[in-house]
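Work through the following exercises with the sequence and the coordinates at hand. Each task is followed by a solution that proceeds step by step.

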Amino acid sequence: MSYTITAQTRTEVGKGSSRRLRHAGKVPAVIYGAGKEAVSIEFEHRSIINIQTNDDFYNNDITIVLDGKEVKVRVQAMQRHAFKPMIEHVDFKFA
């Protein structure tokens with residue numbers, strides 16, 4: 001199964017801006033990999049909350065549409081809220 005997430009590049013980084021994103025219903029994330037510069041992104045929480053329950057989400061390549069350009073990534077790490085069903089941050093790795 002293939003998954004597609006629409007995202008935007010994030011210009012503000014840090015704890016305060018990430019909190020503002022989460023209150024607005026978005027998830028801060030980062031894409032990194034060997035030989036490439038890290039990219040900070042943001043996307044809607046509702047676009048990931050249901051698909052992350054599938055096991056193949058963590059094992060297969062995911063397509064992120066970043067400002068109109070498709071990027072293939074894999075999930076490296078995901079931080080979840082302690083008791084709410086919320087995703088707080090996602091680390092993606094270039095595929």
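Helices (H or I, at least four residues) and strands (E, at least two) are here DSSP runs, numbered from the N terminus. The model is a predicted one.

**Exercise 1. State how many helices and strands the protein chain has, and give their pattern along the sequence.**

Solution. Counting the runs gives two helices and six strands for the protein chain. Reading them along the sequence then yields the pattern β-α-β-β-α-β-β-β.

**Exercise 2. Determine the order in which the six strands close into a barrel, and examine how E1 pairs with E4 and with E3.**

Solution. The barrel closes in the order E1-E3-E2-E6-E5-E4, and its pairing is mixed. On average, neighbouring strands of this sheet are turned by 45° against each other, if direction is ignored.

Take next the pairing of strand E1, residues 3-9, with strand E4, residues 62-66, which is parallel and rests on five bridges. Within this pair, Ile-5 is the residue that stands opposite Ile-64 of E4.

Turn then to E3, which runs antiparallel to E1 and is joined to E1 by three bridges. Here Ala-7 has Phe-43 of E3 as its bridge partner.

**Exercise 3. Describe the pairing of E2 with E3, and identify the residue of their hairpin that takes a positive phi.**

Solution. E2 and E3 run antiparallel, and seven bridges join them. Phe-43 in E3, already met as the partner of Ala-7, also stands opposite Val-27. The hairpin of E2 and E3 has two residues between the strands, and Gly-35 is the residue with a positive phi, near 80°.

**Exercise 4. Find the strands that helix H1 touches where it packs on the sheet, and give its direction relative to E2.**

Solution. Helix H1, residues 15-23, packs on the sheet and touches strand E2 (26-33), strand E3 (36-44) and strand E6 (87-94). The direction of H1 makes about 125° with that of E2.

**Exercise 5. Decide whether the radius of gyration of the protein chain agrees or disagrees with that of a compact globule, and describe its box, burial, contacts and surface.**

Solution. A compact globule of 95 residues would have a radius of gyration near 12 Å, and because the protein chain has 13 Å, the two agree. Along the principal axes, the C-alpha atoms fill a box of roughly 30 × 30 × 20 Å.

With buried taken as under 20% relative accessible area, 36% of the 95 residues count as buried. Among contacts with a separation of 6 or more, 49% are between residues 24 or more positions apart. Finally, the accessible surface of the protein chain comes to about 5,800 Å², and 49% of this surface belongs to carbon and sulfur atoms.

Terms used: Residues numbered from 1 in each chain as written. Predicted model: local features only at pLDDT ≥ 70, side-chain atom pairs only at ≥ 80, totals over all residues. Heavy atoms only, no water. Pairing = 2+ DSSP bridges. Axes fitted to C-alpha atoms, helices over the stretch in contact; angles between N-to-C directions. Contact = heavy atoms within 4.5 Å. Rg over C-alpha atoms; globule rule 2.2 N^0.38 Å. Buried < 20%, exposed > 50% of the residue type's maximum accessible area, 1.4 Å probe, protein only. Areas by Shrake-Rupley, 256 points an atom, 1.4 Å probe, with all protein chains shown as cover.
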